[in-house]
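Visitor: I'd like to learn how to read a model like this one, feature by feature. Please put it on the screen and I'll start asking.

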Amino acid sequence: MDTLSEAGRGLLFTDARTASFFAPVPVTDEELNEIWELAKWPPTQANTQPLRVLYVRTAEGKERLVKHLAEGNRAKSQSAPVVAVLALDTQFHEHVPQVFPHNPGLKDVFEGNPEKRIQDGTFSAALQAGYFIIAARAIGLYAGPMTGFDKAGVDAEFFPDGRFKSLAVVNLGHPAENAYRDRLPRLDSATTVQWA
């Protein structure tokens, strides 16, 4: 297996920053599609792929979204050319026969156990949210993920049938000047890693 160059590691990991403010540079449909074309490939539990993405970029869409964000996050999303709402499809199991064809009966397992379905789906959707952010970085965009918003309000506004449940909001674009803070400290392996 090949390994990433130092430049690639920097792009995806060591130089990655949460952008708070964005330059007025458009983000194209092709770029947004490219994010998903990368983010869809890494693993999820039983290949279930429960994450769904809503791209918000019209003035009307932003107005509907921003009112549900924490006050400190509103200007950030207003400055972003695109805001992605990342959500869990609570009925993701409907696709099990397609995405996990060697065990289509898993659909019935999830159908009969909604608590397990939501728990497992939330875990896999959170994995996919991480992949989504890394994919945005890989195509040259900065991301500003946030969970400071009224999830029930966003869900009522954009997903009124109740099937999708929002997990995070991610601002996307090219950074403005002073778009992020200085690098904050990271915990070292002595604090976080154990060996058995």
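Visitor: Where does N178 lie, in terms of the elements around it?

Guide: N178 sits in the loop between β4 (164–173) and α9 (189–192). Those labels are DSSP runs counted from the N terminus: helices are H or I with at least four residues, strands E with at least two. Residue numbers start from 1 along each chain as its sequence is written. Keep in mind that the model is predicted, with pLDDT of at least 70 needed for local features and 80 or more for side-chain atom pairs, while totals for chains, interfaces and linings use all residues, and that side-chain values use heavy atoms, without hydrogens or water.

Visitor: What is the phi of N178, and is the residue buried or exposed?

Guide: Phi of N178 is near 60°, a positive value in a residue other than glycine. For burial, read relative accessible area with a 1.4 Å probe and protein chains only: under 20% is buried, over 50% is exposed, and partly exposed is in between. N178 counts as exposed because its relative accessibility is 67%.

Visitor: Which value of phi does Q49 have?

Guide: About 50°, so to speak a second stop on our phi tour: positive, although Q49 is not a glycine. You'll find Q49 in the loop between α2 (29–39) and β1. Now look across to V99, in helix α5 (residues 96–99). V99 and Q49 are 50 residues apart in sequence, yet their C-alpha atoms are 8.3 Å apart in space. With a relative accessible area of 17%, V99 is buried.

Visitor: How far apart are the C-alpha atoms of L51 and D188?

Guide: They are separated by 31 Å, with their positions 137 residues apart along the chain. L51 belongs to strand β1 (residues 51–56), and this leucine is buried, at a relative accessible area of 1%.

Visitor: On to charges. How many salt bridges does the structure hold?

Guide: Nine. The rule is a side-chain nitrogen of Lys or Arg within 4 Å of a carboxyl oxygen of Asp or Glu. Take K116 and D120, whose closest N and O atoms are 2.7 Å apart. Both are in helix α7 (residues 114–138), and because they are four residues apart there, about one helical turn separates them. Their surroundings are worth a look too: K116 is partly exposed at 31% relative accessibility, whereas D120 is buried at 10%.

Visitor: Which parts does the salt bridge between E157 and R64 tie together?

Guide: First the contact: the side chains of E157 and R64 meet at 3.0 Å, N to O. E157 is in helix α8 (residues 151–158) and R64 in helix α3 (residues 59–66), so the pair ties together parts that are 93 residues apart in sequence. E157 is partly exposed, at 23% relative accessibility, and R64 is partly exposed as well, at 25%.

Visitor: What about K40; which residue does it form a salt bridge with?

Guide: With E37, at 2.8 Å between the closest N and O atoms. K40 is partly exposed at 25% relative accessibility, and E37 is partly exposed at 42%. There is also a network of salt bridges, linking R52, D89, E94 and R163.

Visitor: How much space lies in the largest pocket?

Guide: About 380 Å³. Of the 17 residues lining this pocket, T18, S20, Y180, R181 and L184 are the closest to its centre. Two elements, α4 (71–79) and β3 (142–146), give two or more residues to the lining, and β3 gives the most, with three. As for the method, a pocket is an open set of points on a 1 Å grid over the protein atoms alone where a 1.4 Å probe fits, with protein on both sides within 12 Å along at least five of seven lines, and lining residues have an atom within 4 Å of a point. The volume is the space filled by probe spheres set on the points, which are joined across faces, edges and corners.

Visitor: Which residues make the nonpolar surface patch?

Guide: L4, F13 and I134, covering about 260 Å². Patch members have over 30% relative accessible area and no salt bridge; nonpolar side chains (Val, Leu, Ile, Met, Phe, Trp, Tyr) are joined within 5 Å, like charges within 9 Å. The areas come from the Shrake-Rupley method with a 1.4 Å probe. L4 is in the segment before α1 (6–14) and is partly exposed, at 42%.

Visitor: Last one: where does UniProt place the feature "domain: Nitroreductase"?

Guide: At residues 17–170, according to an unreviewed UniProt entry. UniProt positions follow the numbering used here, feature names are shortened, and annotations may be inferred rather than shown by experiment. Over residues 17–170, the chain is 47% helix and 17% strand, with the end C-alpha atoms 13 Å apart.
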